[in-house]
Amino acid sequence: MKQFDVVIAGGAMAGMTLALAINKRAPQPLSIAVVEPFNADNLAHPGFDSRSIALSYGTVSILKQLGLWADIAPVATPINQIHVSDRSHAGMVDISSQEVGLESLGYVVELADVGRIYQKCVTQDENIQLFCPASVVEIEREQALATVVLDNGETLSTKLLVAADGAVSTCCQKVGLELSEHDFDQVAVIANVTTEQAHKGRAFERFTASGPVALLPMSEGRMSLVWCLKPQDAQAMMALDEQAFLSELQTMFGWRLGKLEKVGQRASYPLLLRYRQQNISHRFAIVGNAAQTLHPIAGQGFNLGIRDVASLAEEIARHSEDPGAYSVLSKFKQRRQADRHATISLTSSLVHIFSNDYLSLRIGRNLGLAMMDNIPPLKAPLLARTLGLVTR
């Protein structure tokens with residue numbers, strides 16, 4: 001049996017960030033194991049696939065504090081402006097980095113790039129051992145430790161087991177942490193798009209009757225598309241040829257970037273809120289999508305997960321002699337409660353308000369957008385969440 005201070009099940013963004021963060025904070029190095037079924041360079045890796053994500057200003061600040069940003073920065077595209085609008089209506093909000101006095105509002109990274117960077121960092125860290133390909137098949141917990149059996153027959157003992165193994169977490173199921181689930185009755189169609197006009201670091205979120213359309217700036221002049229649709233409409237869009245798809249997208253998005261010229265390979269996935277009320281148990285904590293998986297509206301999910309990771313890493317570092325002690329996990333839960341609740345509530349409310357065409361909501365949301373754009377005190381809470389400047 002191999003012994004570790006911390007075992008992390010799941011080596012995608014949340015798990016790898018946590019593994020690298022712990023010893024950036026701890027006064028003495030802890031021994032860490034990361035158990036991951038997929039190699040980072042595997043195109044089928046569900047955590048480091050072809051998607052892009054937006055890192056908020058707050059998330060980038062956390063990654064800088066953890067000494068992780070310098071490696072990621074070369075593959076990150078800055079967001080200089082965010083434009084929020086409602087299709088066929090007047091309401092809109094513009095947020096610029098100049099307006100808030102920052103060099104950028106956030107950055108867009110491709111998950112595959114970050115996967116390769118993290119893989120390199122972990123293999124160079126003598127305090128982290130990667131078990132890959134491997135997955136957890138059994139968990140036993142005693143008073144002072146947890147024992148984990150892997151599908152390759154190896155057994156690991158640890159003071160703390162952290163589940164970072166995705167929305168349908170095997171570890172959470174084995175420990176018995178209840179999962180709440182809400183189906184938004186939407187499907188996200190994702191792809192990379194090129195446009196006639198340069199994006200100049202602008203990000204767009206446009207609300208339509210069926211759901212939001214987001215275009216995020218990427219390297220090489222590309223934009224990352226997330227288009228939320230009713231399931232039957234998403235199926236139809238996936239079946240269209242390139243030109244027909246671009247034509248439909250142009251109608252929904254408009255001409256702010258001129259003609260939409262090319263679209264890359266498309267993928268789709270159903271949109272659900274998955275949420276575990278309990279984010280700790282005996283010798284056990286959960287972070288990232290295992291704790292909560294959110295609708296992509298307003299780009300809050302990953303940034304919330306990184307705040308989970310940073311808080312847990314800090315609590316582990318403060319009590320490195322026993323990172324799985326009840327006092328450590330209790331403090332972690334307490335720190336994360338308000339932010340988790342507020343972000344989940346905000347995201348779900350936005351989906352309801354902006355994903356339909358009821359007259360009353362349409363008028364209300366357009367008045368709201370117009371007021372936010374013109375009355376700074378109303379814009380401040382939106383800015384705080386957008387920038388990820390949230391107490392944790």
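**A tour of the chain, from surface to strands**

Start with the whole chain: its accessible surface comes to about 16,800 Å², 52% of it from carbon and sulfur atoms (Shrake-Rupley method, 1.4 Å probe; for residues, only the protein chains shown count as cover). This is a predicted model, in which local features need pLDDT of at least 70 and side-chain atom pairs count only at pLDDT 80 or more, while totals for chains, interfaces and linings use all residues. Residues are numbered from 1 along each chain as its sequence is written, and side-chain values use heavy atoms, leaving out hydrogens and water.

Colour by secondary structure. The chain holds twelve helices and 20 strands (DSSP runs numbered from the N terminus: helices H or I of at least four residues, strands E of at least two). Of its 392 residues, 53% are buried (under 20% relative accessible area, 1.4 Å probe, protein chains only).

Next, select Cys171 and Cys172. Why is Cys171 in no disulfide? Its sulfur is 7.0 Å from the closest cysteine sulfur, that of Cys172, too far for a bond; a disulfide needs two cysteine sulfur atoms within 2.5 Å. By this rule the count is zero disulfides. Cys171 is buried at 1% relative accessibility. Cys172 is buried too, at 0%.

Now select strand β17, residues 267-275. Which strands pair with β17? Strand β12 (residues 180-195) runs antiparallel to β17, joined by nine bridges; pairing takes at least two DSSP bridges. Zoom in on Ile190: its bridge partner in β17 is Ala267. Then add β20, residues 292-293, also antiparallel to β17, with two bridges. Finish at Arg274, which stands opposite Thr293 in β20.

Methods:
Buried < 20%, exposed > 50% of the residue type's maximum accessible area, 1.4 Å probe, protein only.
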